[in-house]
Amino acid sequence: MSNAAAASSEVSLRSLRVAIVGSGPAGVYSAAVLAEGDVSVDVIDRLPTPFGLVRYGVAPDHEKMKSVAVALRNVLEGTRVRFLGNVELGRDISLDDLHRHYDAFIVASGAATDRRLGIEGEDLPGSFSATDFVSWYSGHPDHPQDMFTLNAETVAVIGVGNVAVDIARLLSKAAHELRSTDIPGDVLAVLTQSRVRDVVIIGRRGPAQGKFTTKELRELGELANADVIVPPAELQVDEAGEAVLKENPAARRNLDILRDWSQRTPEGRPRRLHLRFLLRPIAVSGRTAVTGLELAPGRLGGSGHAIDTGERLHLPAQMVLRAVGYRGLPVPGLPFDKDRGTIPNSAGRVLRDGAPAPGEYVAGWIKRGPTGVVGTNKHDASETVRCLLEDAALLPPPETRDPDAIMALLHQRGVRVVEWDGWEAIDALEISAGLARNARRVKVADRKRLLAAAFAARAVAPG
Ligand SMILES: Cc1cc2nc3c(=O)[nH]c(=O)nc-3n(C[C@H](O)[C@H](O)[C@H](O)COP(=O)(O)OP(=O)(O)OC[C@H]3O[C@@H](n4cnc5c(N)ncnc54)[C@H](O)[C@@H]3O)c2cc1C
Ligand SMILES: NC(=O)c1ccc[n+]([C@@H]2O[C@H](COP(=O)([O-])OP(=O)(O)OC[C@H]3O[C@@H](n4cnc5c(N)ncnc54)[C@H](OP(=O)(O)O)[C@@H]3O)[C@@H](O)[C@H]2O)c1
């Protein structure tokens, strides 16, 4: 047993109080491990609703995946855990406040923004980040529900990761196929009026370098409303690609699927979903709005990177969605690695000038960058909590461990904290809204309505 572990077994974990910032998978998995160790935990989120990208990222038609929220809910309902929604670190509460009220904190704030392409025309009207589009159809309260119309006939989706695949699938489905999902009513109305005919997914490298997973890719070929079209000439594999295929059976399966599709004859379905490779976006064209995408075709030269052939291709499109990865945002007061969009850390211990900062930890996407599925955050959170518990005996004690003190402070600042009963009221409202649509729930996107629902129960409660 290490010295730190021996020391931590001497401090009573029951007396420890830990704040977790972020109620996505990384935050909730961290809370689960801490609560198992009898530590008491406050999970703070800037939104009135819990679950992070499980609620505001996982695609609405992936019902099975969405049900991971049940496991997360069980953790947040635990006796050693409190949910404090509508509380933002950096706005309502500071790092100093956390140090004063808790033995330690774990920041699990995810990666809320998008990576940029850095090309001309990227900000033209009609060019959007996947982050915005996903947040819109997921009913994220930061995104106005009238932010999107679907008047474009051709939508170009840049990137060949799972987010690009999610977006392309949703744009290719008929609106009635999404009626039984939790998509907000206003979003469903826009999808019902969609004029989209062609959705073009664009990869800058070859098919062996696609980042999508087989299950997600395969779904595209099973769409009732769209023909999937793949130009055979773009399914090139070079030496680097062969190495990938040899090491990674999933990449081999993906290529087999794409080769199979490249032999299909379109059947005249209402929409066409194209998968294109070896096309590097060099500009979004248009004077006042998007009219197309300028692409530099490449050929593979052995290293897995495309070599510019010097040719140029214009793809007419009225909407461009950039699905080229998410990016973490700095947390006021904590160090930040601008290149990686993460908080510098060693196994979850925040590093200040290269040395671990007492009581400060990170987990999830803000710790390791925006990759990995929900389950990846379980190991990640366990690693962070292991470090925290190893350090427990050495942590500087907070000014107070009274759980009411932080609530009093927030109250004094006029912060309207959404506690678990508030979320339950929102949950009930959404579930009842779903009845009319035969849906599991219909999401409420408007922040004011969310807060009104959360506090209505309190207003009528006796006393
Ligand atoms: C579009 C999309 C679809 C995905 N679909 C799937 C899928 O189908 N299956 C799968 O396994 N994985 C999927 N993933 C990956 C999965 O969602 C991530 O691995 C996971 O959500 C990352 O967890 P996290 O807790 O680090 O971050 P998040 O889930 O982003 O949680 C971060 C939380 O922190 C809160 N927060 C941020 N800043 C503050 C602050 N200052 N104060 C207080 N709270 C704050 C946020 O509101 C949020 O609730 C998807 C990812 C994306 C982007
Ligand atoms: N159903 C699911 O399980 C699911 C759903 C959604 C997301 N997720 C997970 O969430 C994580 C994030 O997904 P993601 O799709 O955002 O990211 P991602 O997997 O990293 O994919 C990003 C894509 O963008 C491309 N790209 C980056 N910069 C580019 C540029 N300048 N020009 C053109 N293309 C560019 C990348 O190509 P290069 O490879 O050439 O860089 C890659 O194809 C992933 O781990 C993903 O698996 C899972």
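**View 1. Glu122 and the residues it touches in this predicted model.** Glu122 makes contact (heavy atoms within 4.5 Å) with Arg116, Leu117, Ser127, Val284 and Arg322, leaving aside residues up to four places away in sequence. You will find Glu122 in the loop between β5 (113-114) and β6 (127-129); strands (E, at least two residues) and helices (H or I, at least four) are DSSP runs, numbered from the N terminus. Glu122 counts as buried because its relative accessibility is 3%; buried means under 20% relative accessible area, exposed over 50%, and partly exposed in between (1.4 Å probe, protein chains only). The Glu122 side chain also reaches the backbone nitrogen of Gly118 at 2.8 Å, a polar contact, that is, a pair of N or O atoms within 3.5 Å; within protein, one must be able to donate a hydrogen and the other to accept it, and residues adjacent in sequence count only if both atoms are side-chain atoms.

**View 2. Helix α7 (residues 130-137).** Seven of the eight residues of this helix are buried, so α7 is largely enclosed by the rest of the structure. Among the buried ones are Phe133, Trp136 and Tyr137. After α7 comes Gly139, with a positive phi near 75 degrees.

**View 3. The surroundings of ligand 1.** Here 30 residues surround the ligand, with Asp45, Leu53, Trp365, Gly372 and Val374 coming nearest; a residue is included if one of its heavy atoms lies within 4 Å. Oxygen atoms of ligand 1 lie 2.9 Å from a polar backbone atom of Ala26 and 2.9 Å from one of Trp365. The protein covers 90% of the 1000 Å² of accessible area that ligand 1 has on its own (Shrake-Rupley method, 1.4 Å probe). Helices α2 (25-36) and α8 each supply at least two residues of the shell.

**View 4. The surroundings of ligand 2.** Look for Val160, Arg204, Arg205, Glu216 and Gly372, the closest of 23 surrounding residues. Side-chain polar atoms of Asn162 and Arg205 lie 3.1 Å and 2.8 Å, respectively, from an oxygen atom of ligand 2. A nitrogen atom of the ligand is 3.0 Å from a side-chain N or O atom of Glu216. Of the 930 Å² of accessible area that ligand 2 has on its own, the protein covers 83%. Helix α8 (residues 162-172) gives the largest share of the shell, three residues.

**Notes for all views.** Residues are numbered from 1 along each chain as its sequence is written, while chains are lettered from A and ligands numbered from 1 in the order in which they are written. In this predicted model, local features need pLDDT of at least 70, side-chain atom pairs count only at pLDDT 80 or more, and totals for chains, interfaces and linings use all residues; side-chain values use heavy atoms, with hydrogens and water left out.
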